[in-house]
Amino acid sequence: EAGVTAALTALFAGAFAAYALRRAVGLPVRYTMLADHMRFFPTFLLLEGLAIVALLVLRPLGPMAVLTAWVVGSVAFAFTDLIVVDRGAGVGEALRGSLRVVGANLGQTVLLLVTVSALSFLLNAPLLLSLRYLPPAVVAVLGLVAGLVAILLRALLSVALACAFRDAVGIRTAGGELPHGTEPAGAAASTRT
């Protein structure tokens with residue numbers, strides 16, 4: 001089950017990162033980009049596999065170790081997908097690049113992730129509370145709405161991270177074949193990802 005989920009996530013991760021990168025620089029997006037960015041599938045599948053292995057290794061240490069590793073990893077590697085797509089980076093280069101970007105922008109990265117997590121929790125709290133007191137049909141509708149809101153929040157977070165990435169190190173290709181060239185002044189010499 002984890003392998004299937006990882007494969008499905010990896011299949012579309014390139015397109016979703018490209019969508020965020022393109023929106024961060026004001027470029028249009030289109031549905032055909034889903035197929036255009038499947039070339040990043042092997043890299044994202046390896047990244048997903050590494051995350052699964054890390055969680056399996058930590059599982060014997062208990063749920064707090066897994067939760068802590070998941071939170072730290074979510075922050076430390078928040079820009080990995082953007083680096084893979086924008087820079088055409090491999091797994092190691094993308095992980096190291098994300099650590100550098102987060103290290104230079106830790107407060108902003110944490111603030112973005114905490115804000116979206118808090119919004120998600122606040123929007124899902126009514127659903128959790130309603131499970132006991134409302135009829136199943138109403139709970140199903142609330143669940144559908146909560147799912148749609150979660151998708152929108154994820155999209156918002158992706159674009160916000162892409163904007164932070166743009167401001168920190170610049171967007172070079174936005175997932176396209178040709179350089180886009182939004183690298184901020186001094187970023188080329190000071191921050192290589």
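1. H1 against H5. In this predicted model, helices H1 and H5 pack at about 85°, with their axes 9 Å apart. That angle lies in the 65 to 115 degree window, so H1 and H5 count as roughly perpendicular to each other. On the H1 side the meeting residues are Gly14, Ala17, Ala18, Ala20 and Leu21, and on the H5 side they are Asp81, Leu82, Val85 and Asp86. Sorted by class, that contact comes to six nonpolar, one polar and two charged residues.

2. H1 against H8. Here the packing angle is about 60° and the axes are 8 Å apart. H1 and H8 are therefore oblique to each other, and H1 passes H8 in a right-handed crossing. From H1 you get Ala20, Leu21, Arg23 and Ala24, which meet Ser158, Val159, Ala162, Cys163, Phe165 and Arg166 in H8. The split for this contact is seven nonpolar, one polar and two charged. Have a look at Ala20 and Leu21 of H1: they turn up in this contact with H8 and also in the one with H5.

3. H1 against H3. What about the angle between H1 and H3? It is about 140°, with the axes 8 Å apart. Roughly antiparallel needs an angle over 145, so H1 and H3 end up as oblique to each other. Their crossing is right-handed. H1 puts in Ala2, Ala6, Ala7, Thr9, Ala10, Leu11, Ala13 and Gly14, while H3 puts in Phe41, Phe44, Leu45, Glu48 and Ile52. By class that makes 10 nonpolar, two polar and one charged. Gly14 of H1 belongs to this contact with H3 and to the one with H5 as well.

4. The largest pocket. Now for the empty space: the largest pocket holds about 1900 Å³. Which helices give two or more residues to its lining? They are H1 (2–24), H3 (41–58), H4 (63–76), H5 (80–87), H7 (106–133) and H8 (136–169). So for the helices in the points above, H1, H3, H5 and H8 are among them.

5. What lines the pocket. There are 47 lining residues, and those nearest the centre of the pocket are Glu48, Ser74, Phe77, Asp81 and Arg154. By class, the lining has 35 nonpolar, seven polar and five charged residues. Two of the residues nearest the centre have come up already: Glu48 is in the contact of H3 with H1, and Asp81 is in the contact of H5 with H1.

Note on methods:
Residues are numbered from 1 along each chain as its sequence is written. This is a predicted model: local features need pLDDT of at least 70, side-chain atom pairs count only at pLDDT 80 or more; totals for chains, interfaces and linings use all residues. Side-chain values use heavy atoms; hydrogens and water are left out. On a 1 Å grid over the protein atoms alone, a cavity is a set of points where a 1.4 Å probe fits but cannot get out, and a pocket is an open set with protein on both sides within 12 Å along at least five of seven lines; lining residues have an atom within 4 Å of a point. Grid points are joined across faces, edges and corners, and a volume is the space filled by probe spheres set on the points. Helices (H or I, at least four residues) and strands (E, at least two) are DSSP runs, numbered from the N terminus. Ala, Val, Leu, Ile, Met, Phe, Trp, Tyr, Cys and Pro count as nonpolar, Asp, Glu, Lys and Arg as charged, and the others, Gly among them, as polar. Axes are lines fitted to C-alpha atoms, for helices over the stretch in contact, and angles run from 0 to 180 degrees between N-to-C directions. Angles under 35 degrees count as roughly parallel, over 145 as roughly antiparallel, 65 to 115 as roughly perpendicular and the rest as oblique. A crossing is left-handed if the near helix is turned anticlockwise from the far one by less than a right angle, and right-handed if clockwise. Contact means heavy atoms within 4.5 Å.
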